[in-house]
Amino acid sequence: MSVVFERSKGLTDVKTHYCPGCSHGIVHRLLAESVEEMGKLEDTICISPVGCAVLALDYFEFDGIQAAHGRAPATATGIKRVHPDKTVITYQGDGDLASIGMCEIVHAAARGEKITTIFINNGIYGMTGGQMAPTTLPGMKATTAQLGREVSLNGYPIRVAELIATLDGAKYVERVAVDSPADVIKAKAAIKKALEVQEAGLGFSFVEVLCACPTNWGKTPVDALKFVKDEMIPYYPLGVKKDTTKEGQ
């Protein structure tokens, strides 16, 4: 019998710590497959965040390092400058990147650091118990916004992909989602394209992934995916926000 699907060689054979229905596992697979297909398993370094993906180093079959909260882009900058031949990736959540780490990601992109960032946007602080994040939607409930995010008090959610796209050093920026098989396929293509931009030495590449957090949203896994489709995608439109690798851009 022929094999039609198997675990990527970029993933370790261990159970993850993620909650049922969490999207991190899907994105881990897509990233691992992309690195494997590019033949870069021996030459990739992934910087993990402080957040739900803090243990991601246990799940990838390539090298990794743990950075201080929000400082993954700064850590990646140092690694890439010392090892320019390596593929260097930061894997960060919305609290790590868009809150405490906003300064780091903006300046890494502005400098055009030749690294790739995978940004997980589930609109909530996951590891610490469901507090409001910079990406929490208007009206969306959190432990620190129990009546829902009120923009007159808390401001508006930050559309990070659009923000990064305004910076000259950012060469490829796309927002994707993993709420359906079709979107998962598109997400895989975006992640691989971002890594190829780095491989070509063109500059900073960034992929924002809209993900589900059933536990902190208080939803079933199925309803959480529906929330991504019905609520998150309308506020955070999918698609390429910047691609200077195309002719004429």
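# A guided tour from helix α1 through the cores

Select helix α1 to begin: its buried residues are H24, V27, H28, L30, L31, A32, E33, S34 and V35. The model on screen is predicted. The helix runs from residue 24 to residue 37, and its 14 residues should span 20 Å at 1.5 Å a residue; the end C-alpha atoms are 20 Å apart, which agrees. An α-helix has 3.6 residues a turn, so residues three or four places apart point the same way. Next, display the elements against which the buried residues of α1 pack: β1, β3, β4, α7 and β6. Just after α1, select G39, where phi is positive, at about 70°.

**The whole chain**

Zoom out to the full model. The protein comprises nine helices and seven strands. Its C-alpha trace spans about 50 × 50 × 35 Å along the principal axes. For 249 residues, a compact globule would have a radius of gyration near 18 Å, and the value of 17 Å for this protein agrees with that. Colouring by burial would mark 51% of the 249 residues as buried. The exposed surface is about 11200 Å², of which carbon and sulfur atoms supply 56%. A contact map adds a further view: among contacts between residues at least 6 apart in sequence, 68% join residues at least 24 apart.

**The largest nonpolar core**

Which residues touch the most other members of the largest nonpolar core? Select V27, I118, V207 and V209, which hold that position within a core of 31 residues. At least two residues of this core come from each of α1, β3, β4 (116–121), β5, α7 and β6 (204–210). Helix α7 gives the most, with seven residues. In soluble globular proteins, nonpolar side chains tend to be buried together.

Now centre the view on V27, one of the buried residues of α1. Beyond its neighbours within four places in sequence, V27 is in contact with Y91, I118, I120, V178, I191, V209 and C211. A second, separate core of 23 residues can be selected afterwards; among its members are I45, A98, A161 and A165.

**Helix α7**

Move to α7, residues 181–199. This helix has 19 residues and reaches 27 Å from first C-alpha to last, close to the 27 Å expected at 1.5 Å a residue. Its buried residues are D183, V184, A187, K188, A190, I191, A194, L195, V197 and Q198. One of them, I191, is also among the contacts of V27. Just after α7, G201 takes a positive phi of about 70°.

**Strand β3 and helix α2**

Select T90 in strand β3, which covers residues 87–93. Is T90 buried or exposed? T90 is buried, because its relative accessible area is 0%, and buried means under 20%. Show side chains here to see a polar contact of 2.8 Å between T90 and T117. Setting aside neighbours within four places in sequence, the contacts of T90 are I47, A72, P73, A76, I115, T116, T117 and I118.

Three of these contacts lead to helix α2: A72, P73 and A76 are buried in that helix (residues 72–82), along with T77, I79 and K80. Extend the selection to β1 (44–48), β2 (63–66), β3, α4 (102–111) and α7, against which the buried residues of α2 pack.

**Strand β6 at L210**

Select L210, which lies in strand β6. L210 is buried, with a relative accessible area of 0%. Add N121: the two residues are 89 apart along the chain, yet their C-alpha atoms are separated by 4.9 Å. Apart from neighbours within four places in sequence, L210 is in contact with N121, R175, V176, A177, V178, V228, M232, I233, Y236 and L238.

**Strand β5 at A170**

End the tour at A170, in strand β5 (residues 170–177). A170 is likewise buried, with a relative accessible area of 0%. Not counting residues up to four places away in sequence, A170 touches A109, I164, F204 and K242. How far apart in space are A170 and Q146? Measure from C-alpha to C-alpha in the viewer: A170 and Q146 are 36 Å apart, with their positions 24 residues apart in sequence.

How values were computed
Residues are numbered from 1 along each chain as its sequence is written. This is a predicted model: local features need pLDDT of at least 70, side-chain atom pairs count only at pLDDT 80 or more; totals for chains, interfaces and linings use all residues. Side-chain values use heavy atoms; hydrogens and water are left out. Helices (H or I, at least four residues) and strands (E, at least two) are DSSP runs, numbered from the N terminus. Buried means under 20% relative accessible area, exposed over 50%, partly exposed in between (1.4 Å probe, protein chains only). A polar contact is a pair of N or O atoms within 3.5 Å; within protein, one must be able to donate a hydrogen and the other to accept it, and residues adjacent in sequence count only if both atoms are side-chain atoms. Contact means heavy atoms within 4.5 Å. The expected span of a helix is 1.5 Å times one less than its number of residues. The radius of gyration is taken over C-alpha atoms; the globule rule is 2.2 Å times the number of residues to the power 0.38. Accessible areas come from the Shrake-Rupley method with a 1.4 Å probe; for residues, only the protein chains shown count as cover. A nonpolar core is a set of buried Ala, Val, Leu, Ile, Met, Phe, Trp, Tyr and Cys residues joined through side-chain atoms within 4.5 Å.
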